[in-house]
Amino acid sequence: MNIKLSSPAAVAAALAGMLATAPVLAADYVQAPGTGSILVFATKYDGEVFTGTFPGFQTQLSFDPADPAAAKLDVTIPLAGAKSGNSDRDSTLQGADFFNVASFAQARYTASGFRALGNNQFAADGTLELHGVSKPVSFTFTWAPGAQPVLTGKATVKRLDFGVGGGDWADTKTIPNETAISTIVKFNAK
């Protein structure tokens, strides 16, 4: 193609036209180290709310807000590091009745094909692998673009669906079946 352009304005207009027709590709992101990303769980024990964190979780994301259906998310969660601020509770969480970290050292959440909800909000219908069980879990999040994009999201996990908190702990009057999960992930481009 041989195009003769006579002015800088014509060159700028031609470039703008070519860029407008170029396909937008998803960007690949990795969780930025040491920047305040956090993964939190919250539930109750005998009516008292407690929260905990999963330090060391890692997130990879391929995402273009203009094409959420092409997105992919992969989160790896080491379970042995779960911290709730109570050492007795933490050791119970790591034991066979809950996470059973001796047999299942990590959980993993994967999703592909997001849905746009409007106002930079999206939903991912993915799969959580936890305690040797894989089940669907929906995750909703807000996307804040920029030099270091931020994903802020939440989900609800039904622990008994995954065999977490069995035996004497299966009573939902003591510990509800639903556990709230929330996260803030700061990313760097890959």
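Let me begin with a hairpin, where E2 and strand E3 (residues 48-53) pair in the antiparallel sense over six bridges, pairing being taken to require that DSSP finds at least two bridges between two strands. Within this pairing Thr43 stands opposite Phe50 in E3, and between the two strands there are two residues, with Asp46 in this hairpin taking a positive phi near 50°. Phe50 has a further partner, since Arg89 lies over its face at 4.1 Å from the ring centre; a charge is said to sit over a ring if NZ of Lys or CZ of Arg is within 6 Å of the ring centre and within 35 degrees of the ring normal.

I should say early that this is a predicted model, in which local features need pLDDT of at least 70 and side-chain atom pairs count only at pLDDT 80 or more, while totals for chains, interfaces and linings use all residues. Residues are numbered from 1 along each chain as its sequence is written, and side-chain values use heavy atoms, with hydrogens and water left out.

Stepping back to the whole protein, the secondary structure comes to two helices and 11 strands, where helices (H or I, at least four residues) and strands (E, at least two) are DSSP runs numbered from the N terminus. In order from the N terminus, the elements run α-β-β-β-β-β-α-β-β-β-β-β-β. Of the 190 residues, 34% count as buried, which means under 20% relative accessible area, with exposed being over 50% and partly exposed in between, for a 1.4 Å probe and protein chains only.

Let me turn to the interior. The largest nonpolar core has 39 residues, of which Leu61, Phe99, Tyr109, Phe114 and Trp143 touch the most other members; such a core is a set of buried Ala, Val, Leu, Ile, Met, Phe, Trp, Tyr and Cys residues joined through side-chain atoms within 4.5 Å. Among the strands that each supply at least two residues of this core are strand E4 (58-63), strand E9 (133-144) and E8. Leaving aside neighbours within four places in sequence, Leu61 is in contact (heavy atoms within 4.5 Å) with residues including Tyr29, Phe114, Trp143 and Phe187.

Which aromatic residues form one cluster? They are Tyr29, Phe63, Tyr109, Phe114, Phe122, Phe139, Phe141, Trp143 and Phe187, and a search of the whole structure finds 16 aromatic pairs, with rings of Phe, Tyr and Trp (its six-membered ring) pairing if their centres lie within 6.5 Å.

Phe122, from that cluster, is found in strand E8 (residues 121-130) and counts as buried because its relative accessibility is 4%. Not counting residues up to four places away in sequence, Phe122 touches Phe63, Phe139, Phe141 and Trp143, among others. Phe122 and Thr142 are 20 residues apart in sequence, yet their C-alpha atoms are 6.3 Å apart in space.

Finally, how many salt bridges does a search of the whole structure find? It finds two, a salt bridge being a side-chain nitrogen of Lys or Arg within 4 Å of a carboxyl oxygen of Asp or Glu. Arg108 forms one with Asp74, the closest N and O atoms being 2.4 Å apart, and this pair links Arg108 in strand E6 to Asp74 in strand E5, 34 residues apart. Arg108 counts as partly exposed at 33% relative accessibility, as does Asp74 at 21%. Asp125 forms a salt bridge with Arg115, with the closest N and O atoms 3.0 Å apart.

Notes
Rings of Phe, Tyr and Trp (its six-membered ring) pair if their centres lie within 6.5 Å; planes under 30 degrees apart count as stacked, over 60 as edge-to-face and the rest as tilted.
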